[in-house]
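User: Hey, got a minute to walk me through this model? I'd like the overall picture and then a couple of side chains.
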Amino acid sequence: EKAFGFIVPDDGGVDVMVHKKELPEGVQLWQGLRVRYESQWDSTKGKMKATTCVPESWAGGGCAGGGCAAHGSGGGYGGSG
């Protein structure tokens, strides 16, 4: 099992990498799952990466207590790379 995957943003932008360390404990993602996330530019890898990521239906808060805003907010998990 890979420790990372990619989010396909709703706005059609570039895919956003997400590492399992950015998920709340016990949360797992699967291909096609709708997620909410925050992201930032990773200058080391030269791409956007998620800094938080939770399923849209997750009731545990996340993304600063429930609202994800920075650099895209919704998308579908595209699976591991």
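**Confidence and layout**

Analyst: Sure. It's a predicted model, and the chain averages a pLDDT of 79, with 72% of the residues scoring at least 70; pLDDT is the predictor's confidence in each residue, from 0 to 100. Over residues 64-72 the pLDDT is below 50, and that stretch has 18 contacts in the model beyond near neighbours in sequence (contact means heavy atoms within 4.5 Å). Where pLDDT is low, the predicted coordinates should not be read in detail.

User: What ground rules should I know?

Analyst: Residues are numbered from 1 along each chain as its sequence is written, and side-chain values use heavy atoms, with hydrogens and water left out. Since this is a predicted model, local features need pLDDT of at least 70 and side-chain atom pairs count only at pLDDT 80 or more, while totals for chains, interfaces and linings use all residues.

User: Which order do the elements of the chain run in?

Analyst: From the N terminus, β-β-β-β-α-β, which comes to 1 helix and 5 strands. Those are DSSP runs numbered from the N terminus: helices are H or I with at least four residues, strands E with at least two.

User: How do E3 and E4 pair?

Analyst: E3 (residues 34-42) and E4 (residues 47-55) pair in the antiparallel sense over 8 bridges; pairing takes at least two bridges found by DSSP. Val-35 has Pro-55 in E4 as its bridge partner. The two strands form a hairpin with 4 residues between them, and Gly-46 in the turn has a positive phi of about 70°.

User: Switching to Asp-42: which side chain of opposite charge is nearest?

Analyst: Lys-49, 4.2 Å away; Asp-42 is buried yet has no salt bridge. Buried is under 20% relative accessible area, exposed over 50%, partly exposed in between (1.4 Å probe, protein chains only). A salt bridge needs a side-chain nitrogen of Lys or Arg within 4 Å of a carboxyl oxygen of Asp or Glu. For charge, Lys and Arg count as positive and Asp and Glu as negative; His and the chain ends are not counted.

User: And what backbone nitrogen does the Asp-42 side chain reach at 3.2 Å?

Analyst: That of Lys-45. The backbone nitrogen of Thr-44 also lies 2.9 Å from a polar atom of the Asp-42 side chain.

User: What about Asp-11, buried or exposed?

Analyst: Exposed, because its relative accessibility is 66%. Asp-11 is in the loop between strand E1 (4-9) and strand E2 (16-19), and its side chain reaches the backbone nitrogen of Gly-13 at 2.8 Å.

Key:
Polar contact = N/O pair within 3.5 Å; in protein donor to acceptor, adjacent residues only side chain to side chain.
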